[in-house]
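Visitor: I should like a close look at a single part of this protein, namely how its open sheet is put together and what surrounds it. Please take me through it step by step.

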Amino acid sequence: MKRFTRDQALRETRALLGEQGAVKVITCSLGTGPGGVRRCSAIGIHDADCRGGAAAYVVGIKYEIGPVHLRTISHRGEGSTWEIALADAALHTHRLGCAACKSATKMADLCEHGRPLLDAFTRARTARFRLPNGRLSAAGLKAEAATRPGCVRLAYARSTGLLVGLYRAHEAGIESDEETPWATVCEEHGGVVCHTTRKLAEGWMVEPETWCPVCQEARGGPKAYPDGPAPGGGAQKTKDEE
Ligand SMILES: [Zn+2]
Ligand SMILES: [Zn+2]
Ligand SMILES: [Zn+2]
């Protein structure tokens, strides 16, 4: 895969952010985190398993402070490649001005402009994990899950072939009762349902067409949401419509 050079990244940044657009590269170092574990100083840009010394790419807007004219960059996007940093900056810039996307930890809240930007960002971030069929490899699913708040697992549903996530509802910012702390999310359509146990939730991950309204429609109209046991066994509860 061909990567942007610094000059190309700068051109793209200026096209996105205007003439004040600027780029910089930071090299991460290792620090000591909780429990004496050595951690990358660019965590959030790099993967959790970064060994240090890797480049972190930043795009943003330059400004000068005070009498010494200290030049600095206000970060708009960051990533482990220029492509990721640019895609991040495009999404971030949109969110700054978009009422629908401001509370964007909730994926389903994105507007019709925000959604393609989020997809582009996810694609850029996961490019190195893509298989020839466009799906993420097992390592890619794991890495992507690690970047999403509350996400414990991502998998392709057996029935629809679409990406489905398993989340701790509270950590993910998904509204849910105490007795149903586990949420399955259709990543494609934003359909959500909450469950009493992790085992039960994992059981329902395999067939999102029983609980995601859009998957349901795509499969030829309503298939009644079953009252009976999940493929994993037990009962479940539907999230209220908002
Ligand atoms: Zn690092
Ligand atoms: Zn938006
Ligand atoms: Zn769906």
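Guide: In this predicted model, four strands make up an open sheet, arranged in the order 6-7-8-9 with antiparallel pairing. The two edge positions belong to strand 6 (151-156) and strand 9; each has a single partner strand, so one side of each is left without a neighbour in the sheet. On average, neighbouring strands of this sheet are turned by 20 degrees against each other, direction ignored. As a general point, the strands of a sheet pair through backbone hydrogen bonds, in either a parallel or an antiparallel manner.

The interior of the sheet can be followed through its bridges. Strand 7 (residues 163-168) runs antiparallel to strand 8, and 5 bridges join the two. One pair that can be located in the model is L166 with its bridge partner T184 in strand 8. Helix 6 (residues 198-205) packs on the sheet and touches strand 6, strand 7, strand 8 and strand 9. The direction of helix 6 makes about 15 degrees with that of strand 8.

Next comes the pairing at the edge formed by strand 9. Strand 8 (residues 182-186) pairs with strand 9 in the antiparallel sense over 4 bridges. Here V185 has V192 in strand 9 as its bridge partner. Strand 8 and strand 9 form a hairpin with 5 residues between the strands, and in this hairpin G190 adopts a positive phi near 80 degrees.

Strand 9 (residues 192-195) also deserves attention for its surroundings, as both of its faces are covered. On one side V192 and C194 are buried, and on the other side V193 and H195 are buried. V192 thus appears twice in this description: as the bridge partner of V185 and as one of the buried residues of strand 9.

For context, the whole protein contains 7 helices and 9 strands. Of its 242 residues, 31% count as buried. Among contacts with a separation of 6 or more, 41% are between residues 24 or more positions apart.

Burial can also be followed in a helix. Helix 3 (residues 114-126) has 13 residues and reaches 18 Å from its first C-alpha to its last, close to the 18 Å expected at 1.5 Å a residue. Its buried residues include L117, F121, A124 and R125. These four cover an arc of only 95 degrees around the axis, which puts them on the same side of helix 3.

Methods
Residues are numbered from 1 along each chain as its sequence is written. Chains are lettered from A and ligands numbered from 1 in the order in which they are written. This is a predicted model: local features need pLDDT of at least 70, side-chain atom pairs count only at pLDDT 80 or more; totals for chains, interfaces and linings use all residues. A residue is buried if 20 or more other C-beta atoms lie within 10 Å of its own, exposed if 12 or fewer, and partly exposed in between; C-beta atoms are placed from the backbone. Two residues are in contact if their C-beta atoms, placed from the backbone, lie within 7 Å. Two strands pair if DSSP finds at least two bridges between them. The expected span of a helix is 1.5 Å times one less than its number of residues. The arc is that of the directions from the helix axis to the C-beta atoms. Axes are lines fitted to C-alpha atoms, for helices over the stretch in contact, and angles run from 0 to 180 degrees between N-to-C directions.
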